[in-house]
Amino acid sequence: MTLTLPSEMTTIVDVPEPDRLTANFVYNFFEPRERIQGASGGLALFSVGSTEDLLHRAGVLRTREVDGVIITESDPGQLPRYVEIEFTPISSDVSLAVEQNLQIAGEGVDRYENLISTHRDEIQTELGISTGASSAINLQDGPLVENASKYLDLSVSMRADLVGSSADRAKFLNSVTEDSVSGEIILDLINNPDRQDVLFIDRVNNENTSPNSMTMTRRLGIGPLDLVRLQSINLYSQINNRYLASVIGAMAGEPLSPFSDPMSQLLATAGVAGIQSSAREAYTTSSGFSEDEYSAELRVFFEEERRFPPAARIIGYILTKEEVFADGTSRVLEELIIGHRDPQQVNATDSNVKYGSVYRYSLSSVAILQLPAISIGDEVNDEFTVQALVSSRPGASAVVRCVESVPPPSPADFNFTWDYRKRKLVVTWGFPPNPQRDIKRFQVFRRATINEPFELLVEYDFDDSVVPEARAETPKASSVIYLENDNPKTFYIDDGFTKDSSFIYAVCCVDAHDLSSNYSMQFRIRFDRFANVLVKELVSKSGAPKPYPNFYLDNELTLDCMKDSNHYTATVYFDPEYLSIREGDDQVERNLHLLATKQHNRGAYKLQFINVDLQKSKVITIELDDLRQS
């Protein structure tokens, strides 16, 4: 007769996790040591409360006068950089048990925080109470949206490998996709394969969603459930240690699984294989069953000789801060204990951050458990009550990269003077408004005509960063002049300009993070010998991108006619580099009305062929289809 051994008991404790954890990096101004230290002046806030409240408590204040009254208020601008953290605490509607039966000395946030801090080493995780014969795996597909976007870009690139322009390929792909997918988004993906702002949405509920109710100009959507929500879902599992390495190996060996890579990394560690090996060896060599296999361990911090009903309550949260390195490893830096409060938005501020670093913030809730217990003795069994602290598994983490992406504005007060004594042209400019205070280079450019590219005359480099940013531009060493940060130059003497010269000048500035401004105003400068004065002519307003210095020119940038001979056929391509332009701080799209299409204004283009030998001509009408949805 075959006998089976009883299955091992697994104890599972489920403490609710907090929701909607977000982290946002705020950059105020530059510091030379911003890449190697957390905060300036010893002010490193990592505490609960809004940024303004914390700064007020820290004495970082400013005063201003309103209607004759002096008002003192906190000044977040005094912090060079910080991370704002927000989360939604657990509502009382999801209480673990009847809270009124809980016997706890004192109430309130301060009491809860003190209780967690005092017994921090005694707090068990949910897994810590479980039996010792299982291990927990917490899976979260964090890069889900990024990977899906890459797969879509690859798919579009492969299917768009057709003969013709980008518009032709987009038109073909649009004909084989659903009506809710606009031709504009396909064309944009073909021309910009690196874009990561596409929103992917589940097809299952397509029948409940009207395409007109979705934003189609910047998103590809066919349903209401988006991957941004899916990537925040945690899959928590407990696996018997005797099969731990085998299960993880099976997941790692599935190439299409989103968890194949993390499971491969986990399997490579010696711990996983060792846990399974030890568990199997103990199971096969033991003559009986250990009590540890059937009992859960509860770390008690309080005992009462009276018996009270079971109860539980969320009393606070533990916010953990980790620094994530380029190789994927991380290091725990700090913990912040937050007492439970009414279900309103909870704010925390962390100014102890280094520029360029990546931090991951994870949040766990802490519950106090009250359970009846029995002390088994030789003669009598005593009844009493015990209390323990249990933390939830970490909820969805928030990863923030501490970098800013605001380029400096173009230099201001661009002007020219003639030094009559030295007979030299002096180019002058000024610092533009720059709240970040991170402008560290000035570049002076010159060209002879609008048909030529700009030439870099000089770059003034006064960057005092302890750890400089890697440069994307590599100017000639002979063109770079290094200056002290406290003595930057805002003028340049052009030795190559004479009274017979005529040049177009522009200047740019580059900040400490290698972000460059656009060109300043462009002026053509020449010298009038008869009037003995400089003549300054405005060629372009400021703001032209560096690759396109003629962007704002009013005159035609291309010829309206071409000459050709000895050919009998012609192929016309229309492949515009830009469909729309964004400008201003709000990056609003602005229609330049440069394209004439059939759908909007019934416009057309005319291409006239003229045979000068036979004195004959023919006009071909070219109409454009607008693939964008109105």
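This section describes the overall make-up of a predicted model, two of its sheets and the surroundings of one arginine.

The protein chain contains eleven helices and 28 strands. Of its 630 residues, 37% are buried. Among contacts with a separation of 6 or more, 68% link residues that are 24 or more positions apart.

One open sheet consists of three strands in the order 16-17-21, and its pairing is antiparallel. Strand 16 (412-419) and strand 21 (491-494) lie at the edges, each pairing on one side only. From one strand to the next, the twist in this sheet averages 20°. Six bridges connect strand 16 with strand 17 (residues 424-430), and the two strands are antiparallel. One of the residue pairs is formed by Ala 412 and its bridge partner in strand 17, Gly 430.

Another open sheet is built from six strands, arranged in the order 20-19-18-22-23-24, with mixed pairing. Its edges are strand 20 (480-482) and strand 24 (533-540), each of which pairs on one side only. Here the twist averages 20° from one strand to the next. Strand 18 (residues 439-447) and strand 19 (residues 455-461) run antiparallel and are joined by six bridges. Phe 442 is positioned opposite Tyr 460 of strand 19. In general, the strands of a sheet pair through backbone hydrogen bonds, in either a parallel or an antiparallel arrangement.

Strand 23 (residues 522-528) of the six-strand sheet includes Arg 524. This arginine is buried but takes part in no salt bridge. The nearest side chain of opposite charge to Arg 524 belongs to Glu 537, at 4.3 Å. A salt bridge requires a side-chain nitrogen of Lys or Arg within 4 Å of a carboxyl oxygen of Asp or Glu, and the 4.3 Å between Arg 524 and Glu 537 therefore does not qualify. The side chain of Arg 524 does reach a backbone oxygen, that of Ala 448, at 3.2 Å.

Leaving aside residues up to four places away in sequence, Arg 524 touches Ala 448, Thr 449, Ser 502, Phe 503, Ile 504, Val 535, Lys 536, Glu 537 and Val 539. Val 535, Lys 536, Glu 537 and Val 539, which are among these contacts, fall within the range of edge strand 24 (533-540). Glu 537 is thus named twice in the surroundings of Arg 524, as a residue that Arg 524 touches and as the bearer of the nearest side chain of opposite charge.

Notes: Residues are numbered from 1 along each chain as its sequence is written. This is a predicted model: local features need pLDDT of at least 70, side-chain atom pairs count only at pLDDT 80 or more; totals for chains, interfaces and linings use all residues. Side-chain values use heavy atoms; hydrogens and water are left out. Two strands pair if DSSP finds at least two bridges between them. Helices (H or I, at least four residues) and strands (E, at least two) are DSSP runs, numbered from the N terminus. Axes are lines fitted to C-alpha atoms, for helices over the stretch in contact, and angles run from 0 to 180 degrees between N-to-C directions. Buried means under 20% relative accessible area, exposed over 50%, partly exposed in between (1.4 Å probe, protein chains only). Lys and Arg count as positive and Asp and Glu as negative; His and the chain ends are not counted. A polar contact is a pair of N or O atoms within 3.5 Å; within protein, one must be able to donate a hydrogen and the other to accept it, and residues adjacent in sequence count only if both atoms are side-chain atoms. Contact means heavy atoms within 4.5 Å.
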